[in-house]
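Here is a friendly walk through one structure. Have a look at the picture first, and then we'll go through some of its parts together.

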Amino acid sequence: MGKLIAATGNQAVAQAMRQIDPHVVAAYPITPQTDVVEEFASFVSDGLVSTEFVPVESEHSAMSTVIGSSAAGVRAMTATSSQGLALMWEMLYIAAGLRLPIVMAVANRALSAPLNIHGDQSDSMGARDSGWIQLYCKNQQEAYDTLIQAIRIAEHKDVRLPVMVCYDGFIVSHSLSGVTLLDDDKVKAFVGKHVPLYPLLDSKNPVSYGGLVLFDFYFEFRRQMVDGMARAPRVIDEVAMEFAEISGRHYGRYEKYKIDDAEIGVVVLGSAASTSEVVVDELRAKGIKAGVMRLKSLRPFPREELAKELGHLKALAVLDRADSPGALGGPVGLEVRSAFFESEKRPKLINGIYGLGGRDTTPEHIASVFYSLQKIAEGGKVEEPLFYLGLRGGKDDGRQSEAAIAQARAAGQRA
Amino acid sequence: MKSEQKENPGASAKAVAPKEKPGWADVPIGAVVLEAGCGVEYETGEWRSERPVVNTDKCINCLFCWVFCPDGAVIVENEKFKAIDYYHCKGCGICSNECPAKVITMVEETKFQEANGEASAAVQGNGNIKAKTGGKGE
């Protein structure tokens with residue numbers, strides 16, 4: 001079943017797009033997404049897809065083009081990163097507000113300034129209130145698998161919202177990994193025929209998109225959009241089950257790794273979850289009850305599920321690969337903290353900002369977080385609810401991390 | 001939390017009658033307008049603060065006003081100026097500005113309101129008013 005190939009995250013995503021064969025792809029190249037577009041353009045020129053490929057002059061135009069195409073009644077996709085996503089900004093809200101089932105791959109990258117091309121999640125985190133469903137993938141295989149599922153999620157009649165499939169720039173987008181592709185006809189059958197809702201090109205049933213809606217109706221439309229998001233969890237779960245049947249691979253909206261009987265744990269998105277799992281295995285071998293909760297679906301946010309699954313922990317660290325300057329912590333940290341507000345059982349919580357601008361996050365870094373958690377769990381106080389992991393020279397945060405790493409080493413948690 | 005989940009709002013949504021304002025679950029998905037040409041129902045004339053008043057006695061029927069009106073609110077019949085559609089005219093004043101015969105005067109709406117929708121004496125001296133506010137399509 002299927003074919004095992006060596007692919008980067010971008011190549012895997014391009015392969016998924018080839019198999020989905022959308023009617024329209026409009027994209028502009030930007031590091032680290034570039035070879036999604038490059039690869040897909042070669043599929044177009046080789047006649048492997050029937051897609052109308054529009055090489056636009058900017059990301060604003062890319063998103064505008066897929067919005068127009070989707071409203072016209074066809075399946076439309078794009079891909080971007082960082083500054084490109086930022087340039088799409090006003091169109092992101094329009095895609096969601098018009099309830100257009102666009103699917104976009106996002107190779108996560110830091111935002112300028114200073115200019116940086118490497119992976120962090122600041123770009124898509126900033127877009128988390130745009131009304132897009134956001135799914136964060138931990139590796140190349142999952143990026144491929146999720147992009148295919150995203151078509152079904154976005155186009156489901158109960159959801160009708162655009163979906164971002166996010167994966168870490170360079171760490172996933174550019175590194176090679178074994179990826180098992182499904183057969184083309186299986187993907188084709190899985191995504192099915194695109195069924196448009198109120199297509200603009202249906203001249204027998206003319207409709208208008210994008211009218212002016214003032215204080216008398218705007219509020220109701222926005223509330224209805226939120227309802228699409230509220231229906232999404234069930235659809236995401238159903239699509240995941242169906243995908244598991246054809247692929248043997250299943251992904252939840254969140255993924256637990258040895259967390260059920262854990263005393264300390266981390267919440268993390270994307271590729272750092274894999275690193276965390278390695279560290280947990282090492283800690284478990286030493287009898288330390290550690291676990292990982294990988295959050296895949298940031299939007300919709302599984303509030304009740306997280307509060308239930310993590311409530312038993314003594315101490316929890318939420319790791320954010322994005323910052324929210326001036327806030328209590330990173331965007332995921334804020335939200336996880338809020339999720340516990342109504343729970344009687346909740347862990348002591350710390351929030352770490354890590355890996356900005358592609359800064360490497362090593363198993364030692366993660367081990368240092370668990371070491372801090374262990375101290376807190378043993379009755380220690382939360383001295384620093386917000387810390388920066390692997391940062392140099394900070395008066396408080398940096399020293400805390402470096403010291404914690406040294407202590408972790410000394411304690412023999414990682415030889 | 002957001003637990004209310006009614007039947008899929010988009011699939012069952014129908015065109016919204018102008019005066020019955022539906023709840024959030026009953027508005028058409030994505031703010032799509034499901035009827036063609038319904039802009040005609042929208043009384044943009046309400047926005048007007050100044051009303052173009054045409055002195056038809058001196059009008060030379062060049063129809064510049066009809067050409068330049070951005071809202072199609074100049075009514076023409078038999079290739080001659082007939083009236084301003086005050087239901088839709090927003091009072092932008094472009095017609096008055098473009099009129100080569102200078103027979104279109106912009107008059108403050110308050111002057112008409114003071115006279116209960118009828119033209120006041122002062123206005124009548126300026127030109128003969130053929131349409132009233134609120135009259136759909138004249």
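## A look around

Let's start with the count: chain A has 14 helices and 15 strands. Here helices (H or I, at least four residues) and strands (E, at least two) are DSSP runs, numbered from the N terminus. This is a predicted model, in which local features need pLDDT of at least 70 and side-chain atom pairs count only at pLDDT 80 or more, while totals for chains, interfaces and linings use all residues. Residues are numbered from 1 along each chain as its sequence is written, chains are lettered from A and ligands numbered from 1 in the order in which they are written, and side-chain values use heavy atoms, with hydrogens and water left out.

Of the 415 residues in chain A, 57% are buried. "Buried" means under 20% relative accessible area, "exposed" over 50%, and "partly exposed" in between (1.4 Å probe, protein chains only). Now take the contacts in chain A between residues at least 6 apart in sequence: 80% of them join residues at least 24 apart. Contact means heavy atoms within 4.5 Å.

## Rings in helix 2

Which residues do ring pairs link into a cluster with A:F40? They are A:F43 and A:F53. A pair of aromatic rings is described by the distance of the centres and the angle of the planes. Rings of Phe, Tyr and Trp (its six-membered ring) pair if their centres lie within 6.5 Å; planes under 30 degrees apart count as stacked, over 60 as edge-to-face and the rest as tilted. By this rule there are six aromatic pairs over all chains. In one of them, the rings of A:F40 and A:F43 have centres 6.3 Å apart and planes at 85°, so this pair is edge-to-face. A:F40 and A:F43 are three residues apart in helix 2 (residues 34–45) of chain A, and therefore about one helical turn separates them. A:F40 counts as buried because its relative accessibility is 1%, and A:F43 is buried too, with a relative accessible area of 7%.

A:F40 also forms a tilted pair with A:F53, at 6.2 Å centre to centre and 55° between the planes. A:F40 lies in helix 2 of chain A and A:F53 in strand 3 (residues 52–55) of chain A, so their pair ties together parts that are 13 residues apart in sequence. Both A:F40 and A:F53 are buried.

A:F43 has another partner: A:R18 lies over the face of its ring. A charge sits over a ring if NZ of Lys or CZ of Arg is within 6 Å of the ring centre and within 35 degrees of the ring normal. Chain B has such a case as well, with B:R51 over the face of B:Y86. Here are the two side by side.

| Charge | Ring | Distance from ring centre |
|---|---|---|
| A:R18 | A:F43 | 5.9 Å |
| B:R51 | B:Y86 | 5.0 Å |

## Two helices that cross

Helix 2 of chain A meets helix 1 (residues 9–20) of chain A: their axes come within 8 Å and cross at roughly 40°. Axes are lines fitted to C-alpha atoms, for helices over the stretch in contact, and angles run from 0 to 180 degrees between N-to-C directions. That crossing angle makes helix 1 of chain A oblique to helix 2 of chain A. (Angles under 35 degrees count as roughly parallel, over 145 as roughly antiparallel, 65 to 115 as roughly perpendicular and the rest as oblique.) Among the residues that meet here are A:M17 and A:R18 from helix 1 of chain A, and A:F40 and A:F43 from helix 2 of chain A.

## Unusual backbone spots

Most residues other than glycine have a negative phi, and most peptide bonds are trans. The peptide bond from A:T31 to A:P32 is cis, with omega near 0°, and A:P32 is found in the loop between strand 2 (24–27) and helix 2 of chain A. A second cis bond joins A:A113 and A:P114, with omega about -5°.

A:S82, in helix 4 (residues 82–87) of chain A, has a positive phi near 40°. Is A:S82 buried or exposed? A:S82 is buried, with a relative accessible area of 0%. Phi of B:E79 is also positive, near 60°, but B:E79 counts as exposed at 69% relative accessibility.
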